[in-house]
Amino acid sequence: MNGMLELKNVSKSFDGMEVLNDISLHIARGEFVSIVGPSGSGKSTILRLLTQALQADGGDILFDGMPLLQAQHAFAFMPQRDALMPWRSVIDNAILGLEVHGMRRSQARAVAAPLFDRFGLAGFENYYPATLSGGMRQRAALLRTVIQRQDMLLLDEPFGALDALTRTQMQEWLQGMWTDHRWTALLITHDVREAVFLSDRIYVLSARPAAVIREFEVPLKRPRTLADLGSPAAQAIETEILQTLLHPQRT
Ligand SMILES: Nc1ncnc2c1ncn2[C@@H]1O[C@H](COP(=O)(O)OP(=O)(O)OP(=O)(O)O)[C@@H](O)[C@H]1O
């Protein structure tokens, strides 16, 4: 997953209500970028523009320098809810995207099987989603997402429904996975610490209509550990992002 993305002056309204106001941002090849912003500011709307579930009213979205319309199947999207199919085993959930793209089930299973170990799901290939913990379900959903080898990974609050401890474990795990694979990734999150821990850069959106009010570069080297979040550099950036969100008028 090593595409690159550029949004230029993108705007979007719903029934006259302006949601996105002149959004410009970019994600370089192999970069992990997060968007944080107030609830209802339009973060998911940006992802829905990228997956083409919605069309922008104005501006340009370029993928690898081409208009998005010409860059089919560019994104592997992991929604807020894991949306695993309860009647399919974990491995058959994992291969769903491959099957949709025409791969035979036996071949798709052979592609997926070696990945289960790294996703902490070895031994659970033939279990059904209802028998898994929340963290395992999210890892299964992420496995299904990344196996499709798209150009870019889109994550919409992937850990929002998890308890605090599982969420932290998942952040550590994802950080390790990303360091190994260097996917081009865009994460939407409410969790500023999560954004700092995982990202190379962070965009902060204003309340609706959303505009980019600040952009932060995260100065932590990789690979990162949770202990790095206690460093003065991490603490300073976390505080500054929170200040920007809470008191945008002062920034
Ligand atoms: N299809 C739609 N029709 C009308 N209004 C919509 C539609 N989709 C989103 N909205 C509105 O646009 C605004 C932004 O929604 P969006 O889901 O993008 O925000 P968000 O920042 O992702 O919110 P949250 O952080 O709470 O998930 C909200 O006020 C929402 O009600």
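Which domains does the domain assignment of the chain give? The assignment gives two entries: domain 1 (5-74 + 151-250) and domain 2 (84-149). The model described here is predicted.

## Overall form

The chain holds eight helices and ten strands. Along its principal axes, the C-alpha trace of the chain spans about 55 × 45 × 30 Å. The radius of gyration of the chain is 18 Å, which agrees with the value near 18 Å that a compact globule of 251 residues would have. Of the 251 residues, 37% count as buried. Taking contacts between residues at least 6 apart in sequence, 69% join residues at least 24 apart.

## Domains and core

The centres of domain 1 and domain 2, taken over C-alpha atoms, are separated by 26 Å. Eight residues from domain 1 and six residues from domain 2 take part in the contact. On the side of domain 1 that touches domain 2, helix H6 (residues 164-181) gives the largest share, three residues. By class, this side of domain 1 has six nonpolar, two polar and no charged residues.

The largest nonpolar core has 64 residues. It draws at least three residues from each of domain 1 (5-74 + 151-250) and domain 2 (84-149). Val-36, Leu-153, Leu-154 and Ala-185 are the residues with the most contacts inside this core. Leaving out residues up to four places away in sequence, Ala-185 touches Phe-32, Leu-153, Leu-155 and Trp-178.

## Around the ligand

Which residues surround the ligand? They are Phe-14, Val-19, Gly-37, Ser-39, Gly-40, Ser-41, Gly-42, Lys-43, Ser-44, Thr-45 and Arg-208. By class, this shell has two nonpolar, seven polar and two charged residues. Its largest share, three residues, comes from helix H1 (residues 43-50).

Is helix H1 largely enclosed by the rest of the structure or largely open? It is largely enclosed, because six of its eight residues are buried. The buried residues in H1 are Lys-43, Thr-45, Ile-46, Leu-47, Leu-49 and Leu-50. Of these, Lys-43 and Thr-45 are also listed around the ligand. An α-helix has 3.6 residues a turn, so residues three or four places apart point the same way.

## Backbone features

Most residues other than glycine have a negative phi, and most peptide bonds are trans. The table lists some places where the backbone departs from this pattern.

| Place | Feature | Value |
|---|---|---|
| Asp-15 | positive phi | about 50 degrees |
| Glu-157 | positive phi | near 45 degrees |
| Gln-52 | positive phi | about 65 degrees |
| Arg-208 to Pro-209 | cis peptide bond, omega | near -5 degrees |
| Arg-222 to Pro-223 | cis peptide bond, omega | near -5 degrees |

Asp-15 lies in the loop between strand E1 (5-14) and strand E2 (17-27). Asp-15 counts as exposed because it has 4 C-beta neighbours inside 10 Å, and 12 or fewer is the cut-off for that class. Glu-157 is in the loop between strand E7 (152-156) and H6. With 19 other C-beta atoms within 10 Å, Glu-157 is partly exposed; a residue needs 20 or more to count as buried. Gln-52 is found just after H1.

Pro-209 has its place in the loop between strand E9 (201-205) and strand E10 (212-217). The residue at the other end of its cis peptide bond is Arg-208, and Arg-208 is also among the residues that surround the ligand. Pro-223 is in the loop between E10 and helix H8 (232-246).

## Gly-120

Where is Gly-120 found? Its place is the loop between helix H4 (105-112) and helix H5 (134-146). Gly-120 counts as partly exposed because it has 16 C-beta neighbours inside 10 Å. Not counting residues up to four places away in sequence, Gly-120 touches Met-136 and Arg-139. The C-alpha atom of Gly-120 is separated by 38 Å from that of Ile-213, and the two residues are 93 residues apart along the chain.

Technical notes: Residues are numbered from 1 along each chain as its sequence is written. This is a predicted model: local features need pLDDT of at least 70, side-chain atom pairs count only at pLDDT 80 or more; totals for chains, interfaces and linings use all residues. A residue is near a molecule or strand if its C-beta atom, placed from the backbone, lies within 6 Å of it. Helices (H or I, at least four residues) and strands (E, at least two) are DSSP runs, numbered from the N terminus. Ala, Val, Leu, Ile, Met, Phe, Trp, Tyr, Cys and Pro count as nonpolar, Asp, Glu, Lys and Arg as charged, and the others, Gly among them, as polar. A nonpolar core is a set of buried Ala, Val, Leu, Ile, Met, Phe, Trp, Tyr and Cys residues joined through C-beta atoms within 7 Å. Domain bounds come from an automatic or database domain assignment. Two residues are in contact if their C-beta atoms, placed from the backbone, lie within 7 Å. The radius of gyration is taken over C-alpha atoms; the globule rule is 2.2 Å times the number of residues to the power 0.38.
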